[in-house]
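Me: I have a model open and would like to go through it with you. Could you start with the wording you use for accessibility?

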Amino acid sequence: MPDLNPQQQAAVRETQHPLLVLAGAGSGKTRVITHKIAHLIETCAVPARSIVAVTFTNKAAREMRERVSRLLPTDAGKGLIVSTFHTLGMRILRREAKTLGYKPSFSIFDSQDSLHLIDELLRSRPAPFAADALRNRISDWKNELVLPLQAVKQAENDFEQAAALLYSEYQRNLKAYNALDFDDLILLPTQLFDQSPETLERWQHRLHYLLVDEYQDTNGAQYGLVRLLVGPRGGFTVVGDDDQSIYAW
């Protein structure tokens, strides 16, 4: 690791305990992730297929995958998963869809599809609130791991009551279409792991080490998914810059 400074080398070599790395912009945080993946595979003999690295954009995931491949012999990284949180969630759901009552061929609604469905539902259940405001509240609940029945109980005003009732109907319609929205790609795997210890144990056994880049941008649902996947083994490293946290607002 000649291109790493002593602090970066120490972060790469620490594999026995959970590790949080905080550093400023441009200080080589992603370099720590990529070198640590190579270290886990080559030095610690962790199978590449048992390592998952997560970042926040598809472009960043592609670049990370390419950087890791340059550090490893040909095919040494075969099976390594480098993806966004949503792609990881989709990978889990494709395998576990039947457990949740979906077909593996489920479709994914983008923001426009989601808004169109809410507009349709509001025709039969008029509400004096904008469709996009209601959709955003539903999205916030999902990112807080709040399910429809919980949302109804927690509603504090007329707007939240309307949004909570719409949330229940929205989820029923999504399931009828065999569809998920982007927020479901995190919410549903977390819900599944909470409700099915056997499924969770299977995924924890499969995943030996988890690494997360730009950890300061992790929301509650993503944190919940990380916590469950890592489990008692505690094999994970996260890197971030807390001064850049979008949720610190």
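Reply: Buried means under 20% relative accessible area, exposed means over 50%, and partly exposed covers what lies in between, with a 1.4 Å probe and protein chains only. This is a predicted model, in which local features need pLDDT of at least 70 and side-chain atom pairs count only at pLDDT 80 or more, while totals for chains, interfaces and linings use all residues. Residues are numbered from 1 along each chain as its sequence is written, and side-chain values use heavy atoms, with hydrogens and water left out.

Me: OK, is D184 buried or exposed?

Reply: D184 counts as buried, because its relative accessibility is 0%. K142 likewise counts as buried, because its value is 0%.

Me: What do the side chains of K142 and D184 form?

Reply: They meet in a salt bridge, at 2.9 Å from N to O, where the term stands for a side-chain nitrogen of Lys or Arg within 4 Å of a carboxyl oxygen of Asp or Glu. This pair links distant parts of the chain, since K142 sits in helix 6 and D184 in helix 9 (residues 184-195), 42 residues apart. Helices here are DSSP runs of H or I with at least four residues, strands are runs of E with at least two, and both are numbered from the N terminus.

Me: Which other residue does K142 form a salt bridge with?

Reply: K142 also forms one with D181, the closest N and O atoms being 2.8 Å apart. D181 belongs to strand 5 (residues 179-181), 39 residues from K142, and both of these residues are buried. K142, D181 and D184 are thus linked in a network of salt bridges.

Me: How many salt bridges are there in the whole structure?

Reply: A search of the whole structure finds 5. One of them joins the side chains of R137 and E160, at 3.3 Å from N to O. R137 is in helix 6 (residues 131-143) and E160 in helix 8 (residues 158-176), 23 residues apart, so that this pair too links distant parts of the chain. R137 counts as buried because its relative accessibility is 16%, and E160 counts as buried because its value is 14%.

Me: Switching topic, in what order do the strands sit in the sheet?

Reply: The open sheet has 5 strands in the order 1-7-6-2-3, with parallel pairing; two strands pair if DSSP finds at least two bridges between them.

Me: Why is one side of strand 1 left without a neighbour?

Reply: Strand 1 (19-22) and strand 3 (81-84) stand at the edges with a single partner strand each, so one side of each has no neighbour in the sheet. Strand 1 is joined to strand 7 (residues 236-240) by 4 bridges, and L22 has G240 as its bridge partner in strand 7.

Me: Which strands does helix 4 lie across?

Reply: Helix 4 (residues 85-96) lies across strand 2 (51-55), strand 3 and strand 6 (209-212), running at about 115° to strand 3. Contact means heavy atoms within 4.5 Å, and axes are lines fitted to C-alpha atoms, for helices over the stretch in contact, with angles from 0 to 180 degrees between N-to-C directions.

Me: And which helix gives the most to the lining of the largest cavity?

Reply: Helix 4 does, with 3 residues. The lining residues include L88, R91, I92, W203 and R206. On a 1 Å grid over the protein atoms alone, a cavity is a set of points where a 1.4 Å probe fits but cannot get out, and lining residues have an atom within 4 Å of a point.

Notes: On a 1 Å grid over the protein atoms alone, a cavity is a set of points where a 1.4 Å probe fits but cannot get out, and a pocket is an open set with protein on both sides within 12 Å along at least five of seven lines; lining residues have an atom within 4 Å of a point.
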